[in-house]
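Visitor: Could you take me through one part of this model up close? I'd like to hear about a few of its lysines, with the contacts spelled out.

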Amino acid sequence: MFKKRLKIAVILLYCTLQTGFAQKKDFLIQAVAFYNLENLFDTEDDPYKNDDDFTPGGVNGYTEAIYQKKLYNLARVISQLAVAKVPEGPACIGVAEIENDKVLEDLIRQPALKDRNYRYVYFDGPDFRSIDCGLIYNPKYFKVLAASSRTVSIEEKGKKEHTRDVLYVTGVLGNDTTHLLVNHWPSRRGGEAATVWKRAQAALVNKAIVDSLMRVSPYSKIIIMGDLNDDPVSPSVRHTLGAKDERKDVFPGGLFNPWTSFYKKGLGTLAYNDSWNLFDQIIISYGFLQRDMPKWRFYQAEIFKRKFMINQFGKFKGYPHRSFSGNTWIDGYSDHFPTILYFMQEPY
């Protein structure tokens with residue numbers, strides 16, 4: 001009887017030690033973010049772009065002083081993204097509503113960001129508002145292998161509409177080859193129902209890239225991010241792109257959207273008429289959901305908002321503190337909150 005008790009005690013002690021070890025195990029954490037920068041223009045008048053409003057003589061009275069404060073404000077937000085879990089911030093940050101590469105260069109040189117030695121990927125696109133997508137990245141954690149710009153073709157009544165291209169960047173995140181697609185889908189101008197097909201076209205561009213990669217390997221690691229101008233439950237996301245709301249429903253070759261649970265709780269990244277939308281999404285492929293792989297896998301999602309980024313008073317109390325109200329500079333940040341995905345990996 002004594003030997004039997006001793007054996008049980010040893011087994012219990014072993015299990016306790018094993019459990020304690022698992023609880024104390026440290027994981028490496030990395031982050032990827034997306035942020036709509038709300039009309040980040042420089043002050044120069046480019047005769048080939050529709051940028052007149054954002055010049056000193058334009059309706060917004062967009063002076064050099066305002067431009068520099070806009071850069072300062074955005075850098076303040078970006079410098080704080082993910083630092084509670086990752087002290088040096090995200091490895092990659094997809095951005096939207098940028099006029100050109102100059103504004104990206106000026107942004108990453110801001111005092112709050114310059115020590116991170118950020119670099120960027122950018123292509124000048126055809127958008128009628130002269131705004132594009134870009135990717136800011138930390139070369140310590142992400143190495144660019146290839147990049148291209150993919151056109152979203154939209155034609156209505158024989159007239160071609162010039163919208164944002166999809167920025168497609170392949171690189172090494174940590175030690176995993178990863179494909180990033182940065183998006184800013186067509187707006188709901190003219191009504192949600194009347195424009196839903198336009199966002200479906202943008203979704204199809206992403207789907208074609210995803211399908212081509214999945215044919216090579218259904219475990220490909222893909223991150224689709226952007227201001228989709230649609231919510232996680234919208235047809236363009238759920239049906240055209242095929243992103244699933246639950247991990248259990250995602251299989252090799254599939255996509256997971258972690259933002260549906262946020263949206264169903266009434267959480268969002270931008271507000272209009274006292275209701276919230278969650279347009280700023282980061283969607284991932286099955287390759288980031290494998291728990292038995294010693295590589296980077298999905299950990300959690302976050303809508304990043306701090307008190308200084310939120311209107312505290314007035315009609316728009318609780319909304320993102322934007323840069324402009326109509327044509328008036330109000331010393332804000334953006335009309336969108338950023339979103340972040342965290343990934344973890346067991347140390348080698």
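Guide: Here is a look at three lysines, with the whole chain as a backdrop.

This is a predicted model, where local features need pLDDT of at least 70 and side-chain atom pairs count only at pLDDT 80 or more, while totals for chains, interfaces and linings use all residues. Residues are numbered from 1 along each chain as its sequence is written, and side-chain values use heavy atoms, with hydrogens and water left out.

First, the backdrop. The chain has 6 helices and 19 strands (DSSP runs numbered from the N terminus: H or I of at least four residues for helices, E of at least two for strands). Of its 348 residues, 51% count as buried, meaning under 20% relative accessible area with a 1.4 Å probe and protein chains only; exposed is over 50%, and partly exposed lies in between. Take contacts (heavy atoms within 4.5 Å) between residues at least 6 apart in sequence: 71% of them join residues at least 24 apart.

Now K221, which is found in strand β10, residues 221–227. K221 counts as buried because its relative accessibility is 9%. Its side chain makes a polar contact of 2.9 Å with the side chain of D176; that term covers a pair of N or O atoms within 3.5 Å where, within protein, one must be able to donate a hydrogen and the other to accept it, and residues adjacent in sequence count only if both atoms are side-chain atoms. Leaving aside residues up to four places away in sequence, K221 touches D176, T177, T178, H179, S285, G287, F288, K295 and W296.

K49 sits in the loop between β1 (28–40) and α2 (64–80). Its relative accessibility is 14%, so K49 is buried too. Here the side chain goes for a backbone partner: it reaches the oxygen of E99 at 2.6 Å. Not counting residues up to four places away in sequence, K49 touches E99, N100, Y122, D124 and S130.

Last up is K305, in the loop between β16 (297–303) and β17 (324–325). With 35% relative accessibility, K305 counts as partly exposed. With residues up to four places away in sequence again set aside, K305 touches I310 and F337. The C-alpha atoms of K305 and L81 are 9.4 Å apart, although 224 residues separate the two along the chain.
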